[in-house]
Amino acid sequence: VDETSVALLTGSEDLKVGSALFASNCLSCHGANAEGKIGPNITDQYWKHGGDIKSLFKTVKIGVTGTGMKSWKNDLSAMQMAQVTSYILSLQGTNPTNPKAPEGPLYTPLSDSTTVAVANVLPDSTATAKK
């Protein structure tokens, strides 16, 4: 398992392990309810480095230079990274109390588990369809 092959885990045991890993490694920066503290709120759909399982796995694995997000590849196995990232994605839309403001572009899942960044674009009301 790596960032190119990881798949979202949905089994209760994997999510339970992911929850425990989050509690022991992530909550000091992301908050007990993932609402964001030093690190971003990870319950909303705004992601600085991608909001799909592969992007999130990569962020956990290699970290983010210049931030407090360290690389976890020497601390967690690939399976553990898959479990914690799957757990994190299970928190989408949980709306915790006092969430940190959104950071990064909005990510909208597409079919085939592909995602796309949507950069706060409003529809152009002056555009007309050509026939």
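Me: Which residue's side chain makes a polar contact with the side chain of E103?

Reply: Bear in mind that this is a predicted model, where local features need pLDDT of at least 70, side-chain atom pairs count only at pLDDT 80 or more, and totals for chains, interfaces and linings use all residues. Residues are numbered from 1 along each chain as its sequence is written, and side-chain values use heavy atoms, with hydrogens and water left out. E103 is in the loop between α4 and β1 (106–109), with helices (H or I, at least four residues) and strands (E, at least two) being DSSP runs numbered from the N terminus. At 3.0 Å, its side chain has a polar contact (N or O atoms within 3.5 Å, one able to donate a hydrogen and the other to accept it; residues adjacent in sequence count only if both atoms are side-chain atoms) with the side chain of K48.

Me: And which residues is E103 in contact with, leaving aside neighbours within four places in sequence?

Reply: Contact here means heavy atoms within 4.5 Å. With those neighbours set aside, the list for E103 is P40, Y46, W47 and K48.

Me: What is the relative accessible area of G31?

Reply: G31 is in the loop between α2 (27–30) and α3 (53–62). Beyond four places in sequence, G31 touches F22, C26 and K37. It counts as buried (under 20% relative accessible area with a 1.4 Å probe, protein chains only; exposed is over 50%, partly exposed in between), because its value is 0%.

Me: Within what arc do the buried residues of α3 fall, seen down its axis?

Reply: The buried residues of α3 are I53, L56, F57, T59 and V60. Taking directions from the helix axis to the C-beta atoms, they line one face of the helix, because they fall within an arc of 160°.

Me: How much space lies in the largest pocket?

Reply: On a 1 Å grid over the protein atoms alone, a pocket is an open set of points where a 1.4 Å probe fits, with protein on both sides within 12 Å along at least five of seven lines, and lining residues have an atom within 4 Å of a point. The lining has 29 residues, with H30, G39, P40, T59 and M69 nearest the centre. Counting the space filled by probe spheres set on the points, the volume is about 600 Å³.

Me: Which helix gives the largest share of that lining?

Reply: α1 (12–25), α2, α3 and α4 (78–90) each supply at least two residues. The largest share, three residues, comes from α3.
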